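I wanted to find my way around a structure I had not seen before. Here is the thing itself, and my notes come after it.

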Amino acid sequence: MLLTHARLASFATSARYGLIEDGAVACDGDRILWAGPMAELPGRFRDSCEMRDLEGRLVTPGLIDCHTHLVFGGHRAREFEMRLDGASYEEIARAGGGIVSTVAATRAASEEELLHGALRRVDAMLAEGVTVIEVKSGYGLDIETELRMLRVARAIPTHRDVTVRTSFLGAHAVPPEFHGDADGYIGTVALPALRAAHAEGLVDAVDGFCEGIAFDASQIARVFDEARVLGLATKLHAEQLSHLGGTALAAEYGALSADHVEYATETDARALARAGSVAVLLPGAFYTLHETQPPPVAAFRRHGVPMALASDCNPGSSPLVSLLMTMNMGCTLFRLTPEEALAGVTTHAARALGLTDRGRIAAGQRADLAIWDVEHPSELAYRIGYNPLSARIHGGRG
């Protein structure tokens with residue numbers, strides 16, 4: 001396949017957006033063979049490829065949602081009303097709402113019910129050019145349901161043309177049956193569930209929630225130590241509601257990413273830079289929870305910390321399935337530039353998942369592409385509630 005006469009936001013050159021005017025992309029199977037200006041297109045591709053004239057449309061890497069809780073039962077619309085009446089996230093959680101309410105609904109749901117709900121959300125994401133989705137467990141908080149969630153996540157690509165990466169999030173919250181005994185829950189449920197999930201081939205990375213309403217850094221360290229033994233990468237929900245040292249812990253373990261990070265500091269930014277970790281910003285949760293302290297974007301810029309953006313799709317704090325809206329929120333709420341926002345859902349999102357062959361338009365990269373009816377890449381973050389996707393290509397198909 002040869003895509004011709006396109007604007008390429010390649011993120012593979014020194015230009016803003018890696019922009020190539022009047023460009024072309026040659027693909028063979030699921031790989032990009034060549035990308036560059038039409039004037040430099042090797043003749044062999046004109047003769048051997050099926051040509052598609054894009055008539056000036058924009059081509060970007062396929063979008064990547066690198067932080068979602070896509071598999072869950074039930075909904076939490078009542079909590080939305082409670083927040084509007086003034087209840088905080090922590091007050092709702094301590095009153096039996098929040099994560100534990102979704103746990104009850106998820107435990108009661110079958111694999112078929114969980115998959116049906118997840119696919120509806122996946123379809124909305126694919127319609128906006130998403131080609132890779134990260135999916136976490138963490139709404140089971142028992143061994144059986146954690147495994148069921150991960151099996152559903154692994155099943156998504158058999159029903160939809162999309163890549164899924166899974167993260168084990170057993171250390172998400174303390175379930176009611178372990179109230180007041182977070183250490184006991186880690187040893188009795190979280191670690192055995194992680195081992196079982198790994199043995200079944202269900203895990204790509206290990207995550208946790210380091211927060212006052214969840215687990216402290218020493219408890220997360222126990223989970224991360226097990227991840228090291230199993231040879232699994234780590235990620236962490238850190239510094240969302242307070243500063244408990246989660247970002248420093250993520251950096252210490254060389255985590256792929258530290259996510260949320262509203263309360264991260266300059267020191268945390270330096271630590272992430274040294275570790276090569278990505279800061280994943282989640283404006284949907286910031287917006288939904290009416291938060292007022294944004295993440296330290298300026299510090300991340302100063303220290304060269306890559307910033308990804310993700311939907312944080314979940315039933316409580318971010319019932320959001322739109323990466324296009326996420327980009328707009330990242331610019332409006334966190335003052336990212338449109339270029340940073342687009343890099344955040346392509347290049348840096350790939351890095352946050354440990355994927356080195358996605359997120360750019362260049363030879364050797366996977367042929368995951370999104371084609372847009374826009375004149376300039378900044379339009380993708382600028383518009384609100386508007387989807388200009390013309391076509392989505394996943395693994396050279398589309």
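These are my notebook entries on the sheet, some helices and two single residues.

**Ground rules.** I am looking at a predicted model, where local features need pLDDT of at least 70, side-chain atom pairs count only at pLDDT 80 or more, and totals for chains, interfaces and linings use all residues. Residues are numbered from 1 along each chain as its sequence is written, and side-chain values use heavy atoms, with hydrogens and water left out.

**The sheet.** I looked up the strand order first. The open sheet has eight strands with parallel pairing, in the order β6-β7-β8-β9-β10-β11-β12-β13. Strands here are DSSP runs of E with at least two residues, and helices are runs of H or I with at least four, numbered from the N terminus. Two strands pair if DSSP finds at least two bridges between them. Which strands stand at the edges? They are β6 (63–65) and β13 (307–309); each has a single partner strand, so one side of each lacks a neighbour in the sheet. Ignoring direction, neighbouring strands are turned by 25° against each other on average.

**Along the strands.** I went through some pairs. β6 and β7 are parallel, with three bridges, and Leu63 has Val130 in β7 as its bridge partner. From β7 to β8 I found five bridges, again parallel, with Val132 opposite Thr163 in β8. Strand β9 (residues 205–210) is joined to β10 by four bridges, and the two run parallel; there Ala205 is partnered by Ala233 in β10. At the other edge, β12 (residues 278–281) pairs with β13 in the parallel sense over three bridges, and Val280 faces Ala308 in β13.

**How covered are they?** Buried means under 20% relative accessible area, exposed means over 50%, and partly exposed is in between (1.4 Å probe, protein chains only). In β7, seven of its seven residues are buried. In β10 (residues 233–238), five of the six are buried, so the rest of the structure largely encloses this strand.

**Helices.** Helix α6 (residues 143–159) lies across β7 (130–136) and β8 (163–171), running at about 170° to β8. Angles run from 0 to 180 degrees between N-to-C directions, with axes fitted to C-alpha atoms, for helices over the stretch in contact.

Next I checked α7 (residues 182–199) against α8 (residues 217–230): they pack at an angle of about 20°, axes 10 Å apart. That is why I call them roughly parallel (the cut-offs are under 35 degrees for roughly parallel, over 145 for roughly antiparallel, 65 to 115 for roughly perpendicular, and oblique for the rest). Their contact (heavy atoms within 4.5 Å) includes Ile186, Leu191 and Leu194 of α7 and Val223, Ala227 and Leu230 of α8.

**Two residues.** Is Ile393 buried or exposed? Ile393, in strand β15 (residues 389–393), is buried at 0% relative accessibility. Leaving out residues up to four places away in sequence, Ile393 touches Met1, Leu3 and Thr131, among others. Its C-alpha atom is 9.9 Å from that of Val162, although the two are 231 residues apart along the chain.

Pro338 sits in helix α14 (residues 338–344) and is partly exposed, at 27% relative accessible area. With the same sequence neighbours left out, Pro338 touches Tyr17, Cys331, Ser378 and Ala381.
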